[in-house]
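User: Could you take a close look at one part of this model for me? I'd like one strand and its neighbours first, and then whatever metal site you can describe.

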Amino acid sequence: MALDELKKTVCAAIDANREKIIQIGEEIYKHPELGYQEHKTSDFISLLFTELGLKNISRHAITGVRGLISGRSHEICLAVMGELDAVICPSHPFADPASGAAHACGHNAQLASMIGCAIGLTESGAMEQLDGDICCFATPAEEYVQIEYRKQLMDQGKISYLGGKQQLIASGAFDDIDLAMMVHSETNAPAPRVVVNGSAMGFIGKAVRFIGKEAHAGGAPHEGINALNAASIAIMCINAQRETFRDKDSVRVHPIITKGGDLVNTVPADVRMESYVRANTIEAMQDANEKVNRAIRGASYAIGTTVEIDDMAGYLPLHQNEAMSSLFAQNAAELLGNEAVQSGLPFPGSTDVGDLSYIMPVIQPTVSGFCGAAHSRDFCIKDRELAYIVPAKLMALTAIDLLRDGARHAVSIRDNFPRKSVEQYKALWNDILENGR
Ligand SMILES: [Zn+2]
Ligand SMILES: [Zn+2]
């Protein structure tokens, strides 16, 4: 079948399943779950994989699930990913009342479009003409949150990294995959659009514990050591460092106090903070992190507490593969028109796709169709076609381009990328964190 005809057949298969794909996305939207706790979502995806006839369905990193669609030959494997987790946003209209979880980052749409892509490629018979396999991969815990909870999972030996794709990388679940792609939501875009080849910041994760001394807050405060005062001063010292952060490094430090004390009538003796130290290069992350740690230690010294600073592997800056981005952009231009495609705009925030982009060629374009600020109560889907259907088509079309004709595009992209091993990945993070100790 000619390329154009093949692409039309795949899009027609996706269109024929339009309502089903949207329904999958809406079903997940109504049942949001937090990272590493996405059990129901993971079971649902696993069931859909089984229904679609995916092979070798397996679980990874607690709730991650992957399955294979075989091509005509098995020269190369392309992952098509969607993220399972929601964010904590209790005021969102579809928040889970117990956990406060809400799909206020659009990850439900990623899963639906990943399934839509799989439907398009399987139902159309396209895989019989493609020289590679597709690994559909629902990944857990992209949002780097609930640090204390995840540290407990680490202590229990269930994970060794806080982020989902990090854990998947470390556990070897990406070892047999050569390239990967997924689509993220873009909210409040000025017009319907696709943005390719954007950057995202990296960060170091941080958990801090100030340990003071309890005393009666009214009767004998002079006998106490106030850990909350140390934390407050630490935040002020961090703020005083902001003028030293260069605009070009896009440094963002945003600590929160996750525990401010135990009892209002007792001098706080156990106060905990979490923070990210973000920047767009590893060097800038390290520079800012050193200043932040100095601020924390200085505040602790001033008040006389002790302090424990736990620096953890956050996410690496995102570097998207240009050749894959350009194939994706061509498909987007054909589907939506040239004016709807933009390149190089920064992706707001950070993503564990950054870590994957260190070890293999990866893209994470964004597609609009959402409104309201991300991670806020206002976030919602404005245009279901753009949110669910367009990304499914664009990923399927790009998969066809990559895997056609002996997978020549995919093979060339793979062979031109300096693939990193799991050991190199772990060593990089060890080096980054060692620097701040
Ligand atoms: Zn998010
Ligand atoms: Zn997200």
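**Strand S17 and the zinc site**

Analyst: Let's start with a pairing: strand S8 (residues 184-187) runs parallel to S17, with three bridges between them. Keep in mind that this is a predicted model. Within that pairing, His-184 sits opposite Thr-366 of S17.

Thr-366 turns up again with another strand, since it is also the bridge partner of Val-195. That contact goes with strand S9 (residues 194-196), which is antiparallel to S17 and joined to it by two bridges. Then there's strand S18 (residues 380-381), again antiparallel to S17 and again held over two bridges. Here Phe-370 faces Ile-381 in S18. As for S17 itself (residues 366-371), the strand is mostly covered, with five of its six residues buried.

Now for the metal. The zinc ion (ligand 1) takes its donors from Cys-105 (SG), Glu-143 (OE) and His-375 (NE2), at 2.1 to 2.2 Å. Along the chain those donors follow the spacing C-x37-E-x231-H. Cys-105 comes from the loop between strand S5 (101-102) and helix H4 (107-123), while Glu-143 comes from the loop between strand S6 (133-139) and helix H5 (147-155), so this pair ties together parts 38 residues apart in sequence.

Cys-105 has a second role: it bridges the zinc ion (ligand 1) and the zinc ion (ligand 2), and the two ions lie 3.1 Å apart. With a relative accessible area of 9%, Cys-105 counts as buried, and Glu-143 is buried too, at 8%.

Key: Residues are numbered from 1 along each chain as its sequence is written. Chains are lettered from A and ligands numbered from 1 in the order in which they are written. This is a predicted model: local features need pLDDT of at least 70, side-chain atom pairs count only at pLDDT 80 or more; totals for chains, interfaces and linings use all residues. Side-chain values use heavy atoms; hydrogens and water are left out. Donors are N, O and S atoms within 2.8 Å of the metal (3.2 Å for Na, K and Ca); water is not among the atoms, so sites may look incomplete. Helices (H or I, at least four residues) and strands (E, at least two) are DSSP runs, numbered from the N terminus. Buried means under 20% relative accessible area, exposed over 50%, partly exposed in between (1.4 Å probe, protein chains only). Two strands pair if DSSP finds at least two bridges between them.
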